Amino acid sequence: MGEQYETVAKELKKWNQAHLLKFWDELSDSDRNKLLDSLSDSVDCAALDEAFRRAMATATSAKEDLNELLQPIAKELSLSVADASETELNDLRQTGLEQIREGRVGVILLAGGQGTRLGSTAPKGTYNVGLPSGKSLFQLQAERIRKLQQLAGGHGRIRWYIMTSEHTHTETLEYFKANRYFGLPAEQVRLFRQRSVPCVDFEGRILLDEKWKVATAPDGNGGIYRALKDEGILDELEREGVLYLHAHSVDNILIKVADPVFIGYCVRKRADCGVKVIEKVQPDEAVGVVCEVKGKYQVVEYSELSSETANRRNPADGKLTFNAGNICNHFFTSAFLRRIADTMMPLHVAKKKIPFVDTATGERCKPSSPNGIKMEKFIFDVFPLAERFVALEGRREEEFSALKNADSAGIDCPSSVRGDIARLHRQWLINAGATEVTETTTAEGNVVIDCEISPLLSYAGEGLEPVAAGQSFRCPVHLIGADEQQLS
C-alpha cells in the first residue's frame, strides 16, 4: 500500500488535489484501500483538469445568438405521423418489422438515474407508478420488446442494451435476475455502465463524499458513445449483425420501444441519425426544439429561444414555427456510433448542491445552495455530425409521458403518467369496437379512469378486436396476455 500511496499522493499534489488525502491517518485499512482504489481507478487528474477548464470556458463564453440563424427541419427530412396516410404508415411499419425479423435492430435504454425526485433511491426503471398490474417501467418496456418480436415473426431478437451508472448498476442487474428478465432470454439483455466523473467545486478542486470516497456523478446521457466503445458493445453489434439502434430514456412510460414505424422511416430515408419529436404547442413549454443551424441539426434549449422566436407561428397553419419538441428518442446506425465514438463531446456545466466533507472540519455537509459543478455530456450533441439526419413527429398522447417528479408536483408524476396510460388504452378499446369504456366514481366522489392493457396483449393498440368489439367496459379495466399469469 505504501508505494501506491506515494504514487497517488505525488500525483494529487501536482494537480492541487492533495486535500483528498487529508483524513488518511484516521482511516481504517479497509477505507484506505477503498480511497486508493477510487483515486487510482476513477481520478485522472490531468484529464479532469483539462475537462474542467474546457467546461468552464464553454460555460462562461459569450454564446452566439442563435435566434437569427434558426431554421425549422426541412420538410423533405421530416414526417408527421398525424399527417401520414394509413397506407404510408403501414408501409413504414412493415419495413421496420422486416428489420426486426432479420435481427438487425437493437435498443439502447438510458437507465443510469435514480428516482430521487420521486422520493426513491432505487433505479428509476424499477419504479412502480401504481398501475393496476403493478408493473415497473422496466417490465413494461421488456414486454413491449417481447410483443414486437412476436408481431415481426421469424427468429429475430431485439437486443437490449441498458446503460446504467455506478449508482444503479448492481441493483438493476439484481432486479432483472430476480424477475427472470421479464420473459426475455438473459443473453438478450446486456447491462453496461456509463462513466462517472468527479464532482468539483468552482475552482476545480475535487469534492469528497466521505473521508474515504470521492464525490462522483454520471457523465450525462452523452456518455453513451464512449461507454459503447469501452464496454465492447460496438464490437458486439458488428458480430451480431445489428445495424440499427433505437435509443431512449427510461422515464417515458409511453415509449414505443424499437418503434417499427420510426425504424422503417429512418431506414427508408437512409438516415445515419434520426430523432423522434412531438409537437410543441405552447411557446413557454420547457422543452428543447430540434432546429437547423448553418446547415446542421441541433437541439436548441428553450432557454436559448427569444420570446419572439418561441412565439413565431406559420402563416399557413398557425402552428409554432419551431415546434419539434425533443423528447430523448433517437435512431442511430451502428456505423454512425462507431464513427463518432472517439469524438470529444461538448461538456455542459450543471451547478448543483453536492453533499461533501469539509476538509477544514471533517464534517459532512449538505449545502443549501449550489457549491460545485457536475460536468455532463448530452446525447443530442452528435446531431451536427450526422451525414443524413431525419425527424419523425409522433403524437404526444401516444408517445410521450415522462415520470420525473413526486405527485406533489402535479406534473410528470405517477398520477399523471397513470392517467396518460388510461386515456390511451381506453381509446385503443374504443378504436377496436368497444361500445363504451366508462369511468367509476368512488364513494368519496373521485372519478376513476384506470384502464390498462398489457403490452403482451397489444403493442400499440393492434389486435384488440376479439376482446373489445361490441363489449362494454367499466373502469378499472385490466386486460392481460394469454401467457401472462405465469410470468407476472
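Which helices and strands each supply at least two residues of the lining of the second largest pocket? They are α2 (29-42), α3 (45-60), β6 (196-198), β8 (213-214) and α7 (224-230). Helices here are DSSP runs of H or I with at least four residues, strands are runs of E with at least two, and both are numbered from the N terminus.

A quick word on the ground rules. This is a predicted model, where local features need pLDDT of at least 70, side-chain atom pairs count only at pLDDT 80 or more, and totals for chains, interfaces and linings use all residues. Residues are numbered from 1 along each chain as its sequence is written, and side-chain values use heavy atoms, with hydrogens and water left out.

**Domains and the pocket**

The domain assignment, which is automatic or from a database, splits the protein into domain 1 (1-43), domain 2 (66-404) and domain 3 (406-487). Taken over C-alpha atoms, the centres of domain 1 and domain 3 sit 56 Å apart.

Back to that second largest pocket: it lies between domain 1 and domain 2, because both give residues to its lining. A pocket is an open set of points on a 1 Å grid over the protein atoms alone, where a 1.4 Å probe fits and protein lies on both sides within 12 Å along at least five of seven lines; lining residues have an atom within 4 Å of a point. The space in this one comes to about 1100 Å³, the volume being what probe spheres set on the points fill. Of the 38 residues in the lining, Ser 42, Arg 195, Ser 196, Val 197 and Pro 198 lie nearest the centre. By class, the lining has 14 nonpolar, 9 polar and 15 charged residues. Charged covers Asp, Glu, Lys and Arg; nonpolar covers Ala, Val, Leu, Ile, Met, Phe, Trp, Tyr, Cys and Pro; the others, Gly among them, are polar.

**Asp 259 and Glu 399**

Asp 259 is in the loop between β10 (244-249) and α9 (260-268), while Glu 399 belongs to helix α12. Both acids are tucked away: Asp 259 is buried at 4% relative accessible area, and Glu 399 is buried at 3%. (Buried is under 20%, exposed over 50%, partly exposed in between, with a 1.4 Å probe and protein chains only.)

Leaving out neighbours within four places in sequence, Asp 259 is in contact (heavy atoms within 4.5 Å) with His 246, Lys 276, Glu 399 and Tyr 459. On the same basis, the contacts of Glu 399 include Asp 259, Lys 276, Asn 252 and Gly 394.

**Backbone oddities**

Most residues other than glycine have a negative phi, and most peptide bonds are trans. Here are some positive phi values:

| Residue | Phi |
|---|---|
| Ala 258 | about 55° |
| Asp 412 | about 50° |
| Asn 16 | near 60° |

Ala 258 is in the loop between β10 and α9 and is buried, at 0% relative accessible area. Asp 412, in the loop between α12 (396-399) and α13 (414-431), counts as partly exposed at 26%. Asn 16 follows α1.

There's a cis peptide bond too, joining Cys 475 and Pro 476 with omega about 5°. Pro 476 is in the loop between β24 (472-474) and β25 (477-479).
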